Amino acid sequence: MAGRAQRSAAGPAPGLPLLLLPPPPLLLLLLAAAAALIRTGDGQNLVTEDVTVVEGDVATISCRVKNSDDSVIQLLNPNRQTIYFRDFRPLKDSRFQLVNFSNSELRVSLTNVSISDEGRYFCQLYTDPPQEIYTTITVLVPPRNLVIDIQKETAVEGEEIELNCTAMASRPATTIRWFKGNKELTGKSEVEQWSDMYTVTSQLLLKVGREDDGVPVICLVDHPAVKDLQTQRYLEVMYKPQVRVSQNYPVQGLTREGEPLELSCAAFGKPQPTDMRWLRVDDEMPQHVVVSGSNLLISNLNKTDNGTYRCEASNAVGKSHADYMLFVYDSRAGEEGAIRSVDHAVVGGVVAVVVFAMLCLLIILGRYFARHKGTYFTHEAKGADDAADADTAIINAEGGQNNSEEKKEYFI
């Protein structure tokens with residue numbers, strides 16, 4: 001074949017017209033490829049890798065040859081149309097660009113990748129026999145839009161609300177995760193396929209409380225084509241008032257006859273309570289009690305004021321209350337208690353001093369008796385040391401002091 005190609009280039013063959021135009025460049029390349037097919041290519045290997053690319057990005061296809069012997073390399077698209085033959089591009093798609101060409105590699109880039117570009121691309125090596133290997137381009141499509149729909153814009157404490165998060169037109173299908181603040185929740189997902197695209201909708205049922213007011217609910221997408229894609233909605237929860245009664249005066253101590261008492265009521269809710277009132281449980285409010293807004297004042301306590309006083313607050317959600325139980329003591333109740341406390345402290349101090357003194361006395365007496373007992377035994381044993389037998393030792397011990405004096409006189 002190579003010889004025929006050379007004769008065609010040199011001059012007309014017998015029987016052919018004299019006016020024969022030169023073959024186009026592509027024909028010359030194909031003839032060269034045919035000549036390359038005649039050459040043996042034992043021991044050559046084609047190597048390539050699959051490509052995963054996000055829609056709109058650049059994909060790079062590499063056809064590499066091990067143990068190259070200068071055989072021709074070409075790249076074909078999924079329709080088996082030649083993209084590159086050596087370093088020549090017959091295909092008119094300008095998105096394909098040559099990155100590198102050598103005897104051992106043909107590397108081509110494809111810009112602005114779309115789903116239609118997905119499929120198998122073939123690397124061919126013109127050896128005898130020809131070698132072929134394919135690489136697969138996979139195109140990832142991130143979700144076009146991420147939306148949270150909430151059943152009720154404003155919920156009431158204790159209600160169960162429904163939230164739906166939709167990730168549209170992605171490939172492959174996305175995985176949706178739910179979070180309330182930093183806590184992950186579990187939803188239920190459904191997948192719909194439209195042509196080559198997937199739409200995923202996840203439903204979350206959530207029972208809300210007052211602590212959820214202002215907390216974000218987050219819909220987060222797990223997808224290989226995108227990172228940290230999320231959207232969120234802040235919960236708005238209405239709840240009935242929370243009421244607290246505090247004693248302003250007396251700050252500490254007993255509520256005694258003749259002294260004043262001041263109470264204050266604080267209420268918090270959503271919406272903020274608009275109606276607050278004081279009442280006396282199971283009885284009428286005394287005439288001398290003064291109520292001013294959220295405060296209750298009794299200027300001169302007496303025992304008829306004993307009872308339970310309640311502060312009620314209400315809003316659009318409901319009503320709540322807090323109680324204060326009042327017990328009025330005698331005017332001297334606090335003083336007598338203080339005197340008893342002082343008496344007990346004094347008695348306790350005296351007892352402690354007496355016990356300490358007795359311990360010190362016992363220690364001193366113990367040391368004194370211990371010393372004199374030792375001296376007595378020492379004198380009692382004198383005269384028994386030089387005895388020849390037991391009888392002599394007893395005699396010496398009974399009259400040891402006299403014998404000692406007699407011995408001293410005898411030696412003198």
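## A tour of the disulfides and a nonpolar patch

Begin by selecting C165 and C219, which are joined by a disulfide with an S to S distance of 1.8 Å. The torsion about the S-S bond of C165 and C219 is about -80 degrees, so this disulfide is left-handed. If you then colour the strands, you will find C165 in strand 12 (residues 160–170) and C219 in strand 17 (residues 216–223), so the pair ties together parts that are 54 residues apart in sequence. Both C165 and C219 are buried. Please keep in mind throughout the tour that this is a predicted model.

Next, go back towards the N terminus and select C63 together with C123, where a disulfide joins the two with an S to S distance of 1.8 Å. The link of C63 and C123 is left-handed, with -65 degrees about the S-S bond. This pair links distant parts of the chain, since C63 sits in strand 3 (residues 59–66) while C123 sits in strand 8 (residues 119–125), and the two are 60 residues apart. Show the surface around each cysteine in turn: C63 has a relative accessibility of 0% and therefore counts as buried, and C123 is likewise buried because its relative accessible area is 0%.

Now select C265 and C311, which a disulfide joins with an S to S distance of 1.9 Å. Here the torsion about the S-S bond is about -85 degrees, so the disulfide of C265 and C311 is left-handed. Distant parts of the chain are again linked, with C265 in strand 20 (residues 261–270), C311 in strand 24 (residues 307–314), and their positions 46 residues apart in the sequence. C265 counts as buried because its relative accessibility is 6%, and C311 counts as buried because its value is 1%.

With these pairs displayed together, how many disulfides does the count come to? The count comes to three, and, when the bonded cysteines of the chain are numbered in sequence order, the pairing reads 1-2, 3-4, 5-6.

One further cysteine to select is C360, which counts as partly exposed because its relative accessibility is 30%.

Finally, turn to the surface and select V347, V351, V355, L359 and L362, which make a nonpolar patch of about 460 Å². Of these residues, L362 is a useful one to label: L362 is found in helix 3, which covers residues 333–380. Is L362 buried or exposed? L362 counts as exposed, because its relative accessibility is 58% and the cut-off for an exposed residue is over 50%.

Key
Residues are numbered from 1 along each chain as its sequence is written. This is a predicted model: local features need pLDDT of at least 70, side-chain atom pairs count only at pLDDT 80 or more; totals for chains, interfaces and linings use all residues. Side-chain values use heavy atoms; hydrogens and water are left out. Patches are made of residues with over 30% relative accessible area and no salt bridge: like charges are joined within 9 Å, nonpolar side chains (Val, Leu, Ile, Met, Phe, Trp, Tyr) within 5 Å. Accessible areas come from the Shrake-Rupley method with a 1.4 Å probe; for residues, only the protein chains shown count as cover. A salt bridge is a side-chain nitrogen of Lys or Arg within 4 Å of a carboxyl oxygen of Asp or Glu. Helices (H or I, at least four residues) and strands (E, at least two) are DSSP runs, numbered from the N terminus. Buried means under 20% relative accessible area, exposed over 50%, partly exposed in between (1.4 Å probe, protein chains only). A disulfide is a pair of cysteine sulfur atoms within 2.5 Å.
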